[in-house]
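Colleague: I should like to request a close look at a single part of this model, set out for a student in the first year. Please treat that part with care and then connect it with the rest.

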There are 2 protein chains.
Amino acid sequence: MVFASYNQEIISLDELKIPVFDRSFFFGDAVYEVIRVYQKKPFLIASHLNRLANSLKEMSIENVPDLRNDIYQNISLNDISEGMVYIQISRGSLPRSHSFHNLSLKPNVLIYSTPFFSHPAEKEASTGTYAITHEDIRWHRCDIKSVNLLANCLVQTKAQQAGAKEAILIRNNQVTEGSSSNVFIVKNGVIKTPALSSFILPGTRRQFLVNFFKTHEYIVLETTIKKSELYEADEVFITSSIKEAIAIVAIDGHNIGHGQVGPIALLARQAILEAADQAAQD
Amino acid sequence: MVFASYNQEIISLDELKIPVFDRSFFFGDAVYEVIRVYQKKPFLIASHLNRLANSLKEMSIENVPDLRNDIYQNISLNDISEGMVYIQISRGSLPRSHSFHNLSLKPNVLIYSTPFFSHPAEKEASTGTYAITHEDIRWHRCDIKSVNLLANCLVQTKAQQAGAKEAILIRNNQVTEGSSSNVFIVKNGVIKTPALSSFILPGTRRQFLVNFFKTHEYIVLETTIKKSELYEADEVFITSSIKEAIAIVAIDGHNIGHGQVGPIALLARQAILEAADQAAQD
């Protein structure tokens, strides 16, 4: 059984029911985070909570008290060693009305955590995976981690229908993100990832890796990446809290580089795993 | 008390709780309709149900049995004379996972209806109302009536903060919609509304009025409308199931025409009300 907490009430996730007036339901008026737990510890929790606070601010949702204790408590309650924590905060509860002008709403907070029985990224990290490209049909505030995720769901499903695992999104001929990941490419030793903007989620692994590469004196550019650069890259890889770093060895049926997992993708994953291991020891 | 039906179970709306795994909650993976009830009858119900079926199809959500009886039953249960019916259909219930590839999900159906104690559009229709313009930050499938409505909520709230009632959305310098309405303009006797595309919801009142104007030999064009045409119009009005047709007498602080409700906006509303009255007699 998975224990969830909704507004601090503890209940089995399978049995949890949410009041229909929680604005998640009528409008997707909520933000969320997914935090990877390694060795019982939520990794990069500060980065996740900072991003959550920023999502709340950008949505003008009232901030909530520090969730750190609730998160640790839930991990402990569910006895998670390897797994993830999910946090969703909606603007509050209200009969259906688009506008929240002059309303003082109390946010609703959901927290739950689930175990991983095998390492979710391990197999794909060793073999690499396939992607399609797809027009980025999402809204213009992808920097906010909201639950308006329909575009992501539709595009992710299309990728799977095409025998791939991820869609790489293209807006105005430029790479933005994967359907639930950030994207890096490598060409002639230069590592590139799309620069932050309102069209890009500031991924915690993305930022971790940019810092890591800089520290280790790789050339890493936060810049624009044209769609054509994808196909011509030596390596392409995607990053997320759960996926860590996974090489994309073919896109739209075209091999990337030699069609094998490349050294920078492997290094990226190793860096994440080592940092997670280190953090768990601290 | 308002009676709701969730998967055909009847319950008070105030007490209704939705299983957290209903994909409305994590992804906004649901579509909806709002149907105006005049004199106990849901107006243009066929248009609404057709659009609902189209939304389901475009989202690859399994279709549901004809809802007509359930809708009539709910209106009757709530003893609605003047009011609205709300219908929301989600893809189904599932532990959180973006992709729905190869999953056979049973849609969840919510229906409720609420009374209007005064005519919701009457006062604004007589005085007209104010609008701001705002960049259309929504996704690229606005033809699907989904509950991914965060952009609409944020923009509608901005309009109200600016002392206006509606935001008119501009994409690539062209008018698309209001924050929860379609837009018409009139200039030198020519009526224009944005042509249907994936950036426009095919409004039931929009279509009704296009047909009405054509039948009555007005010149009505479904075409592109530049932002500048808004300010230079003789009349601007918005339409929706609830708003019917309401004149916008000022946009971004600039008067439209003489800053008063114009004859075509009045005619539009009258046409809707007469058709609703006629339908209620049938």
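Are Phe26(A) and Phe27(A) buried or exposed? Please begin with these aromatic residues and continue from there.

Modeller: The model is predicted, and what follows should be read in that light. Phe26(A) is buried, and Phe27(A) is buried too. Here, a residue counts as buried when its relative accessible area is under 20%. The ring centres of Phe26(A) and Phe27(A) lie 6.5 Å apart and their planes meet at 70 degrees; because planes over 60 degrees apart count as edge-to-face, the pair is given that name.

The two residues also belong to a cluster that draws on both chains. Ring pairs link Phe21(A), Phe25(A), Phe26(A) and Phe27(A) with Tyr32(B), Tyr86(B) and Tyr112(B). Over all chains, the structure holds 26 aromatic pairs. One of them is formed by Phe213(A) and Tyr218(A), again edge-to-face, with 5.7 Å from centre to centre and 65 degrees between the planes. Phe213(A) has a relative accessible area of 0% and is therefore buried, whereas Tyr218(A), at 32%, counts as partly exposed.

Helix α1 of chain A spans residues 23–27, and the buried residues of helix α5 of chain B pack against this helix, together with β8 (129–135) and β9 (166–171) of chain B. Helix α5(B) covers residues 150–161, twelve in number. At 1.5 Å a residue, α5(B) should span 16 Å, and its end C-alpha atoms are indeed 16 Å apart, so expectation and model agree. Nine of the twelve residues of α5(B) are buried, so this helix is largely enclosed by the rest of the structure. Among the buried residues are Leu150(B), Cys153(B), Leu154(B) and Val155(B). After α5(B) comes Gly163(B), which has a positive phi near 80 degrees.

The relation between the two chains can now be stated. Chain B is superposed on chain A by a rotation of 180 degrees, with 0.0 Å of shift along the axis and an RMSD of 0.0 Å. The two copies are thus related as by a two-fold rotation axis. The same surface serves both copies, since 100% of the contact residues of chain B recur in chain A. In chain B, the residue that comes closest to the rotation axis is Trp139(B), with its C-alpha at 2.0 Å.

Chain A also contains an open sheet of six strands in the order β2-β1-β7-β6-β4-β5, paired in the antiparallel sense. Its edge strands are β2 (9–12) and β5 (41–42), each of which pairs on one side only. Within this sheet, β4 (residues 30–38) and β6 (residues 83–90) are antiparallel and share eight bridges, and Ile35(A) stands opposite Val85(A). Helix α8 (residues 263–281) of chain A lies across β4 and β5, at about 80 degrees to β4(A).

A further strand of chain A, β14 (residues 235–240), is mostly covered, with six of its six residues buried. In a regular strand, side chains alternate between the two faces of the sheet. Both faces of β14(A) are covered: Glu235(A), Phe237(A) and Thr239(A) are buried on one side, and Val236(A), Ile238(A) and Ser240(A) on the other. Strand β11 (residues 182–187) pairs with β14(A) in the antiparallel sense over five bridges, where Val186(A) has Glu235(A) as its bridge partner. Four bridges join β14(A) to β15 (residues 244–251), also antiparallel, and a hairpin of three residues connects these two strands.

Definitions and conventions
Residues numbered from 1 in each chain as written. Chains lettered and ligands numbered in written order. Heavy atoms only, no water. Buried < 20%, exposed > 50% of the residue type's maximum accessible area, 1.4 Å probe, protein only. Pairing = 2+ DSSP bridges. Contact = heavy atoms within 4.5 Å. Axes fitted to C-alpha atoms, helices over the stretch in contact; angles between N-to-C directions. Least-squares fit on C-alpha atoms with pLDDT ≥ 70 in both. Expected span 1.5 Å × (residues − 1). Phe/Tyr/Trp six-rings, centres within 6.5 Å; stacked < 30°, edge-to-face > 60°.
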